[in-house]
Amino acid sequence: MGKERKLSICTEVVHGAQGYDPTTGAVSFPIYQSATFRHPGLHQTTGYDYSRLQNPTREELERTIAKLEGGRFGFAFASGMAAISTVLALFRPGDHIVITDDLYGGTYRICEEVYRRYGLEFTYVDPRNPKEVEAACRGNTKAIFVETPSNPMMKVADLGWMGALAERAGLWLIVDNTFLTPYFQRPLELGAHMVVHSGSKYLGGHNDTLAGLLVVDDPELAERLALLQKSEGAVLAPFDCWLLLRGIKTLAIRLEKQQENALKIARWLSTHPKVEKVNYVGLPEHEGHQVMKAQASGFGAMISFNVKEVGLVAQVLERVETIIFAESLGGVESLITYPVVQTHAAIPEGIRNRIGVTDTLLRLSVGIEAVEDLIADLEQALC
Ligand SMILES: *Cc1c(COP(=O)(O)O)cnc(C)c1O
């Protein structure tokens, strides 16, 4: 064997971990639709015993995401929330987590309405403000949980700085990398200990399945997570693992096209007389642009923007034709969302107003359609 050659991530996404089935040569990794596996003899195993513990299709996906994120251990779950729940189940009553204030609504809900009941404590901080993050850490703090760029305000956290703080204070840095995926950002390389994903978004990429993924590099942590995964059982089914594997193959070209479209749309929105403010990290005037440029290889394709009057919200949502008014993001179809009543309804009004999730804010997940069609659609919806 020659020296291991580092392939481009554009190649890695196409070929996955093994990339093909070693038994048959099938180029599309097979869906091992089996709950259980025959033992060759007493005390013998093929390596697979029961699909909650391990399944070959899931294993291929878990190894693929681990490889892409640059960690040694991957885990696939039934949804992003199942992955996040598993991370939170690592903690004990009395443990404290510093978490970013501009956050996916479901993550806020599971912290406040589920894990707080089990004795976990959370402090919400502005991820852009290192002093605030550091000041929130106290004796019982065990982790910092960061979304970057954040949902839906597109705030950027400096992951290198967060990683250094975590190191100094002996904390885990957990990063929700859903918005950028390892194609654009690899938090483990910047000092994170755990990376979580909603695979329902860019990794799956087609708005056809829910999935959650988790990657770590520390074997001890991986062992604890494997125990939680098999004990709680919220694993991703073989068919859905295959959908994710298929989606990941085109991650690079999808994201390139989505990002290209997003930049053009963000620029167009910025000059529109009925648009107040545009949040897109790819715009040089975005306050997080430089940090993101330094720590990621792209800016993604998520935009949020404020319209000038609240009356325009219903008009835009009802008039869009090519762009679909629906929750979720990251797929090939462009979607528009109204965070205040959809994705962020679980967050109390006071917090929403403080972070900027107001009744004039719309969120756009830019797809791979022809950008002129998307702009024409927004134009007729806003006029
Ligand atoms: C969608 C989403 C989640 C939750 O994932 P599900 O697959 O819907 O359970 C978590 N974090 C972010 C940033 C998301 O966008």
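**Sheets, helix packing and the annotated lysine**

In this predicted model, strand β8 (residues 275-279) pairs with β9 in the antiparallel sense over 4 bridges. Within this pairing, K277 has N306 of β9 as its bridge partner. Strand β9 also pairs with strand β12 (residues 361-365), again in the antiparallel sense, over 5 bridges, and here I303 stands opposite L364 of β12. A further antiparallel pairing, over 3 bridges, links strand β11 (residues 335-337) to β12; in this pairing L335 lies opposite S365 of β12.

These strands belong to an open sheet of 5 strands, ordered β8-β9-β12-β11-β10, in which the pairing is mixed. The edges of the sheet are formed by β8 and β10 (324-325), each of which pairs on one side only. Helix α10 (residues 251-270) packs on this sheet and touches β8, β9 and β12. The direction of α10 makes an angle of about 15° with that of β9.

Strand β9 spans residues 302-307, and 6 of its 6 residues are buried, so the strand is largely enclosed by the rest of the structure. The burial applies to both faces of β9. On one side lie M302, S304 and N306, and on the other I303, F305 and V307, all of them buried. Two of these residues recur in the pairings described above: N306 is the bridge partner of K277, and I303 is placed opposite L364.

A second open sheet contains 7 strands in the order β1-β7-β6-β5-β4-β2-β3, with mixed pairing. Strands β1 (73-77) and β3 (121-125) stand at its edges; each has a single partner strand, so one side of each is left without a neighbour in the sheet. Neighbouring strands of the 7-stranded sheet are turned against each other by 20° on average, direction ignored. At the β3 edge, strand β2 (residues 96-100) and β3 pair in the parallel sense over 5 bridges, with T100 opposite V125 of β3. Helix α2 packs on this sheet, where it touches β1, β6 and β7; the direction of α2 makes about 125° with that of β1.

Strand β4 (residues 141-147) of the 7-stranded sheet includes F145. This residue is buried, with a relative accessible area of 2%. Leaving aside residues up to four places away in sequence, F145 touches I84, I97, V98, I99, T100, L103, T107, I174, D176 and V196. Among these contacts, D176 is 31 residues from F145 along the chain, and the C-alpha atoms of the two residues are separated by 7.6 Å. T100, also touched by F145, is the residue that stands opposite V125 in β3.

Two helix pairs were examined. Helix α2 (residues 56-69) and helix α9 (residues 238-249) have axes that come within 8 Å and cross at roughly 35°, in a left-handed crossing. The contact involves T57, R58, E60, L61, T64 and L68 of α2, which meet P238, C241, W242, L244, L245 and I248 of α9. By class, these residues comprise 8 nonpolar, 2 polar and 2 charged.

Helix α3 (residues 80-88) and helix α4 (residues 105-114) pack at an angle of about 35°, with their axes 11 Å apart. The crossing of α3 and α4 is right-handed. On the α3 side the contact consists of M81, I84, S85 and L88, which meet G106, T107, I110 and C111 of α4. The residues of this contact divide into 5 nonpolar, 3 polar and no charged. Both I84 of α3 and T107 of α4 take part in this contact, and both are also touched by F145.

In an unreviewed entry, UniProt places the feature "modified residue: N6-(pyridoxal phosphate)lysine" at K201. K201 is found in the loop between β6 (194-198) and β7 (212-216). K201 is buried, with a relative accessible area of 9%. Not counting residues up to four places away in sequence, K201 touches Y104, T178, S328, L329, G330 and G331.

Terms used:
Residues numbered from 1 in each chain as written. Predicted model: local features only at pLDDT ≥ 70, side-chain atom pairs only at ≥ 80, totals over all residues. Heavy atoms only, no water. UniProt positions renumbered as here; feature names shortened; annotations may be inferred. Buried < 20%, exposed > 50% of the residue type's maximum accessible area, 1.4 Å probe, protein only. Contact = heavy atoms within 4.5 Å. Axes fitted to C-alpha atoms, helices over the stretch in contact; angles between N-to-C directions. Left-handed = near helix turned anticlockwise from the far one by under 90°. Nonpolar A, V, L, I, M, F, W, Y, C, P; charged D, E, K, R; others polar. Pairing = 2+ DSSP bridges.
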